[in-house]
Amino acid sequence: MSASTVVTRFAPSPTGYLHIGGARTALFNWLFARHHGGQYLLRIEDTDRARSTEAAIDAILDGLSWLDIAGDGEPHFQSEFEARHAEVAHQLLESGHAYRCYLSSEELTARREKAQAERRPFRLSSEWRDCSDAGPEGAPFVVRIKAPREGETVIDDLVQGRVTVSNSEIDDFVLLRSDGTPTYMLAVVVDDHDMGVTHIIRGDDHLNNAFRQLVIIRAMGWPEPTYAHIPLIHGADGAKLSKRHGALGVDAYRDELGILPEALFNYLLRLGWGHGDDEIISREQAVEWFDLDHVGKSPSRFDFKKLENLNGHYLRHTDDARLSVLVAARRGGMEGDDLALLERAMPELKARAKDLNELAAAADFLFAARPLPMEDGAAALLTPDARQVLVRTHSALAGLREWTRESTEAAVREVAEEAGLKLGKLAQPLRAALTGKTTSPGIFDVLALLGQGESLARIEDQMPGNTEQTEQY
């Protein structure tokens with residue numbers, strides 16, 4: 001790997017689903033690496049054995065794959081490198097940059113409580129920091145870093161700008177626990193170095209961690225990564241993102257909400273980053289245009305309506321065959337003539353839908369068994385007068401030798417004119433008879449899709465004397 005190669009990473013903890021904020025972080029890392037012709041790596045930070053689960057790992061990998069931003073190569077699992085993490089801690093001990101601290105948990109608690117009582121921030125000052133004596137034989141100890149106490153640490157963050165922290169604010173944090181296992185702070189630094197990560201792009205809730213992690217990096221004499229800390233995502237009301245705002249797993253956007261991956265990709269891209277007034281941005285454009293200069297410094301606001309509108313755009317521009325397969329899956333699967341019918345109907349169905357759920361619901365009328373269940377609004381349209389007009393409509397349509405959108409429209413218009421009705425007054429009860437709903441694709445498209453036999457049978461079901469079996473929702 002050349003010295004100039006950009007390497008980014010996404011490092012989720014597998015303690016739950018891939019949430020929307022994590023997905024955006026992964027996307028920004030993927031885009032930055034692709035823009036610079038570099039590498040984008042995935043690291044599963046599974047050192048919390050009690051909370052890490054295989055199901056969560058699978059959900060993370062599945063969500064990234066669905067968005068098509070899976071890592072380059074196989075994912076790294078942090079738990080596999082614990083020996084390496086401990087090795088670095090012992091190197092820091094040997095070089096004098098770390099020390100064994102024998103303070104007990106009781107002593108630490110007492111000092112913390114004393115600081116709270118005195119209304120001052122707790123800063124650990126361990127007498128073991130500069131002690132040359134070995135601790136009590138067999139006594140448990142942790143390994144702590146010797147953080148600098150003088151001066152300040154400066155980070156030139158690619159999003160936040162120059163950020164300075166006084167070194168007196170950085171504590172002697174733990175590297176190895178008393179059982180010899182590494183802490184998150186140590187493991188992250190070692191893994192980033194060993195994986196060759198050059199740019200760390202993550203949420204700004206990790207900004208304080210960067211100052212502590214630099215203590216280890218500098219003590220080891222390692223190259224310092226470039227940092228970019230992205231503001232978090234808030235709800236539309238400016239409050240911290242929660243489930244009511246849309247803080248769901250990526251899988252929920254796919255499975256429950258019916259969002260297309262390219263729509264979520266585009267929406268997450270625009271959530272805190274912009275390219276002029278462009279709203280619809282393809283993957284190719286995103287790779288070409290993405291930079292960190294245009295990531296905002298303020299929290300972005302999640303707006304589900306914008307996501308819905310964006311998803312509607314992508315539905316209208318998605319291949320009908322692909323959409324048909326996605327909708328068929330939501331209906332329990334279908335094939336053969338049914339799938340072909342769904343694909344023929346797709347140009348009309350997708351014109352009005354905002355998500356795959358709406359699309360699947362809009363297709364219901366195509367496959368409904370007679371007699372059709374009736375929505376309340378549709379049943380209300382089927383008045384006695386309307387049913388009488390349906391008799392004349394049925395007769396006119398039954399006499400057609402050619403069944404097309406144009407021929408059915410001409411026949412229905414003629415019936416409306418003879419009855420002295422505007423076309424809408426006939427189309428509304430006709431739609432109810434054909435679909436059981438008050439909304440559908442254009443009525444003549446519905447007739448063309450259903451075919452002559454099925455259309456006539458559905459109309460006949462609603463003619464006087466044939467309605468006793470009609471069900472309502």
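Which residue just after α1 takes a positive phi? Hold that thought while we look around, and keep in mind that this is a predicted model. The residue in question is Gly 37, with a phi of about 65 degrees.

Let's back up into the helix itself. Helix α1 runs over residues 20–35, which gives it 16 residues. From its first C-alpha to its last it reaches 22 Å, close to the 22 Å expected at 1.5 Å a residue. Now for its surroundings: 13 of the 16 residues of α1 are buried, so this helix is largely enclosed by the rest of the structure.

Further along the chain you'll come to helix α6, made of residues 207–220. Its 14 residues reach 21 Å from the first C-alpha to the last, close to the expected 20 Å. This helix is mostly covered too, with 11 of its 14 residues buried. Among those buried residues are Leu 207, Phe 211, Leu 214, Val 215, Ile 216, Ile 217 and Met 220, along with Asn 209 and Gln 213. If you're tracing the pattern by eye, remember that an α-helix has 3.6 residues a turn, so residues three or four places apart point the same way. Once α6 ends, Gly 221 follows, and its phi is positive, near 70 degrees.

For a look at a single side chain, try His 76. You'll find His 76 in strand β3, which covers residues 76–77. Is His 76 buried, exposed or partly exposed? With a relative accessible area of 26%, His 76 is partly exposed, because buried would require under 20%. Setting aside neighbours within four places in sequence, His 76 is in contact with Leu 42, Arg 43, Ile 44, Phe 81 and Met 195. Glu 45 sits 31 residues away from His 76 along the chain, yet their C-alpha atoms are separated by 8.4 Å.

Now zoom out. The chain has 19 helices and 14 strands. Its C-alpha trace spans about 105 × 45 × 40 Å along the principal axes. The radius of gyration is 32 Å, whereas a compact globule of 473 residues would have one near 23 Å. Among contacts between residues at least 6 apart in sequence, 74% join residues at least 24 apart.

What about inside and outside? Of the 473 residues, 47% count as buried. The accessible surface comes to about 22,800 Å², and 48% of that belongs to carbon and sulfur atoms. As for charge, there are 52 positive and 74 negative side chains, and the centres of these two sets lie 5 Å apart.

Key
Residues numbered from 1 in each chain as written. Predicted model: local features only at pLDDT ≥ 70, side-chain atom pairs only at ≥ 80, totals over all residues. Heavy atoms only, no water. Helix = DSSP H or I, 4+ residues; strand = E, 2+ residues; numbered from the N terminus. Expected span 1.5 Å × (residues − 1). Buried < 20%, exposed > 50% of the residue type's maximum accessible area, 1.4 Å probe, protein only. Rg over C-alpha atoms; globule rule 2.2 N^0.38 Å. Contact = heavy atoms within 4.5 Å. Areas by Shrake-Rupley, 256 points an atom, 1.4 Å probe, with all protein chains shown as cover. Lys, Arg positive; Asp, Glu negative; His and termini not counted. Charge placed at Lys NZ, Arg CZ, Asp CG, Glu CD.
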